[in-house]
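Here is a protein model to explore at your own pace. Have a look at the picture, then read on for a tour of some of its helices, strands and charged pairs.

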Amino acid sequence: MRIVLHVGLDPWAVERLRRVMAAKRQGLARRGILLPKSPGANNHTRLCMAVSDPDRVDMLRAQRGFGPAEAQAGLRDALAAGLAREVAAAQPEVLVLSAWQLGQRLVRRAELARLRALLAPLSERIEVVAHVEAPARMLARHYAMQVFDGRARPLSQELARPEGDWWEEARAAAPAPDPDLALFPEVQGPPHWLDLARFTAEWEAVFGPLRLRAVDAARLSGAEAMAEVAATLGLARLTGKAAPEARPAPPAAAWLARARAMNALFLRYIEVKDAVIPRQLWRRMLAEIAVGGPAIDPGSLAPVSRRLAAATAEVAAAHGLDPAALAPPPEAAPWAEADPGEGFRATQYLLAFRPRIDRATREARAAEAAPAEDATRLPPEARAKLAQLLGGPFAPHDRFGRVKEDEQAPPYPPAPPRRPPEGSTGRVIVACMKNEAPYVVEWVAYHRAIGVDDFLIYTNGCEDGTDALLARLQEMGVVRHRANDDWQGNSPQQHALDRALEEPVVQDAEWLLHIDVDEFVNVRCGDGTLDAFLARVPEATNVAMTWRLFGHSGVARLEDRFVIEQFTRCAPRFCPKPHTVWGFKTMFRNIGAYARMSCHRPNKLAPEFEGRVRWVNGSGADITAELARDGWRSSRRSVGYDLLQLNHYALRSAESFLVKRERGRALHVDRQIGLNYWIRMDWSDATDLTIQRNLPRLRAEVDRLMADPEVARLHARGLAWHRERAAALRATPEFRALYEEARATRLTGAERAAWSLALDMES
């Protein structure tokens, strides 16, 4: 096996090629090329965090809880084990590892040696590749990135060094790391790696010959991207082409001047007041002082170009690069920090920001002063994860989005009857079910009441009469039911979704939703209907409806009561870890943009719809750039549920969980549902009653459906079947033990997140 280690230096080039490879992951796998997930789902930054010197805590390690040496060592061990598992399972010919931080932040040879030692058990054939550009161009972009990470030193730090050893002087100028004071060398110091000759020499001393590629924005932004991926991986060619993607426009020089001045004040305030400014808050405040104008002209950094000219030319010649690719930009007027404009005074903004900073500081200090959570009941791996969570930015909390749920708001008024547009089936839910009879009527009635027009529901292997109940609802013209007992492939769900595309009700739909019977679309704006939400996002073609996970709320027995009425305890608003909490399902316009409907989203974006789809989150914010092509969960950048969320009642009562545990899963039929699933899903840290404003309209619609004697009979029969089945399961030792252990497992949000992170992937 050959390892390709893509180490930078240009962040956009590396991330661009990684996104192309991620989009082609399955095709690459068929060619024996593995892009692993254990070093990081979106990029492989864990490699950098795992091998940096213990005393050089960078911003990533500090933010993610790997600052302590023992936590870093645990990460390194976990990373080695994860890579070994993925390689053993895939048996690839090429393993691709990609993170621009490797090239920029690993400074000492000991760190490079540690990286090689981590990878050597997998293969000794390690090829290092880097993408480079003219140093002045890289410096202009890097400085902007540093400023938004907190840099307080102006560019004169780099320009005031007309001669000498750039690499050594840059390293000497960088401050020692001090996470408590928000000081990190990679943020405040000059980029030593602009000396491409020394950069090459350092890496080659440990890994052998290094391959350099010139950053070519044209090749990376269009159909040539696949050719660049092939060249990066050392392959003759790769078929296919990548979606176009333009390099983001650089920020205005005036904005950078403002942000740098604010950073200097923030750092001083932290030092003097012992304040804490979380990274998200820091970036948000810098965003609030944004101003337009021209960007920094790389030609104004000519002193850097001249100083590094010889080393750059040496590298270009040694690696066969076109000298023009690394040629300095045309010289311009010498750099001077831009006028921040509009009479900007950083001190005035600091006064305005102080209440938020002080509040964040109080919360951070309170968390530090609080007694440590009783983690003795957690496995050792989970206890280690808990320590990382409590000291990092991923700890769950409820201070996110709307400040307080509107629990006392009056019920929504009855919604007027809806007629689908002429020639359309309107808004259609496609769903798959097995043994869900007690919940069908409520779920169908609820979604009819908020503006869903039709349902296409597939069933397989039903024993509780779910299929008979749906058949009766079909006779009444309420739903369309299809048997899916002849499913083939890896999952009955995907088989059904593929078949659904052939159905006229789907082909003629205006909007499509694929959700399960334990998921309820909770519209939290206007009159609570889909009309109210869609009026807020008229340009949207796709809506990522992020889950809010609801636990069992202490309900043990299966009762004939509404799900949305019984279960009110849920996950906190801010819960980026574990990955399941912020999963989403998609509501999308049926405009032919995607060729396939999958569990969480439509897939296979048609080339002619590039630039025409617009994804929004549950707060109405545009998240197209992140999710247009792939992704099934929200991130800290894309999450939002102020206007709409998807209430996910994965457990319901403890007895319902037993029946679900026996039934198995619709998507992953080869995976069992045991205590691990309960740990992941039984969230109870927050209360959310917002969906209960729909109870009057839900009751009215349920009464209309239950007025049919056959519907009422089949519902009662299904409920009786589930109660009998739950009683029988509780009488067996295995399920009785699971029932008792699940009900006895009481965890805080941080403990639950930590334990979930420590579990092997199940969901």
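Let's start with two helices that meet at a slant: helix 5 and helix 7 are oblique to each other, because their angle falls outside the ranges that count as roughly parallel, antiparallel or perpendicular. Keep in mind as you look that this is a predicted model. Helix 5 covers residues 69-90 and helix 7 covers residues 109-119, and the two pack at an angle of about 40°, with their axes 10 Å apart. Which residues make the contact? On the helix 5 side they are Arg 76, Leu 79, Ala 80 and Leu 83, while helix 7 brings in Arg 114, Leu 118 and Leu 119. Sort those contact residues by type and you get 5 nonpolar, no polar and 2 charged.

Next, the strands. Strand 4 (residues 126-132) has 6 of its 7 residues buried, so it is largely enclosed by the rest of the structure. It has a partner in strand 1 (residues 2-9): strand 1 and strand 4 pair in the parallel sense over 5 bridges. If you want a spot to find on screen, look for Ile 3, which stands opposite Ile 126 in strand 4. Strand 4 also pairs with strand 5 (residues 210-214), again in the parallel sense and over 5 bridges. There, Val 128 stands opposite Leu 210 in strand 5. As a bit of background, side chains in a regular strand alternate between the two faces of the sheet.

Another well-covered piece is helix 20 (residues 437-449), where 12 of the 13 residues are buried. Among them are Trp 443, Tyr 446 and His 447, and even Glu 442 is on the buried list. Just after helix 20 comes Gly 451, which takes a positive phi of about 120°.

Now for the charged pairs. Side chains of opposite charge can pair when their charged atoms come close. How many salt bridges does the model have? The count comes to 56. Here are three of them:

| Salt bridge | Closest N to O distance |
|---|---|
| Arg 141 and Asp 10 | 2.8 Å |
| Asp 688 and Arg 548 | 3.0 Å |
| Glu 610 and Arg 629 | 3.1 Å |

Take Arg 141 and Asp 10, which form a salt bridge. Arg 141 sits in helix 8 (residues 135-149) and Asp 10 in the loop between strand 1 and helix 1, so the pair links distant parts of the chain, 131 residues apart. Arg 141 is partly exposed, with a relative accessible area of 28%. Asp 10, at 2%, is buried.

On to the pair of Asp 688 and Arg 548. Asp 688 lies in the loop between strand 18 and helix 29, and Arg 548 lies in strand 11 (residues 542-549), so this pair ties together parts that are 140 residues apart in sequence. Both Asp 688 and Arg 548 are buried.

That leaves the salt bridge between Glu 610 and Arg 629. Glu 610 is in the loop between strand 15 and strand 16, and Arg 629 is in the loop between helix 26 and strand 17, so the parts tied together are 19 residues apart in sequence. Glu 610 counts as partly exposed at 25% relative accessibility, and Arg 629 is partly exposed too, with 33%.

Salt bridges can also join up: Arg 109, Asp 165, Glu 168, Arg 198 and Glu 202 are linked in a network of them.

Terms used
Residues numbered from 1 in each chain as written. Predicted model: local features only at pLDDT ≥ 70, side-chain atom pairs only at ≥ 80, totals over all residues. Heavy atoms only, no water. Buried < 20%, exposed > 50% of the residue type's maximum accessible area, 1.4 Å probe, protein only. Helix = DSSP H or I, 4+ residues; strand = E, 2+ residues; numbered from the N terminus. Pairing = 2+ DSSP bridges. Axes fitted to C-alpha atoms, helices over the stretch in contact; angles between N-to-C directions. Parallel < 35°, antiparallel > 145°, perpendicular 65-115°, else oblique. Contact = heavy atoms within 4.5 Å. Nonpolar A, V, L, I, M, F, W, Y, C, P; charged D, E, K, R; others polar. Salt bridge = Lys/Arg side-chain N within 4 Å of Asp/Glu carboxyl O.
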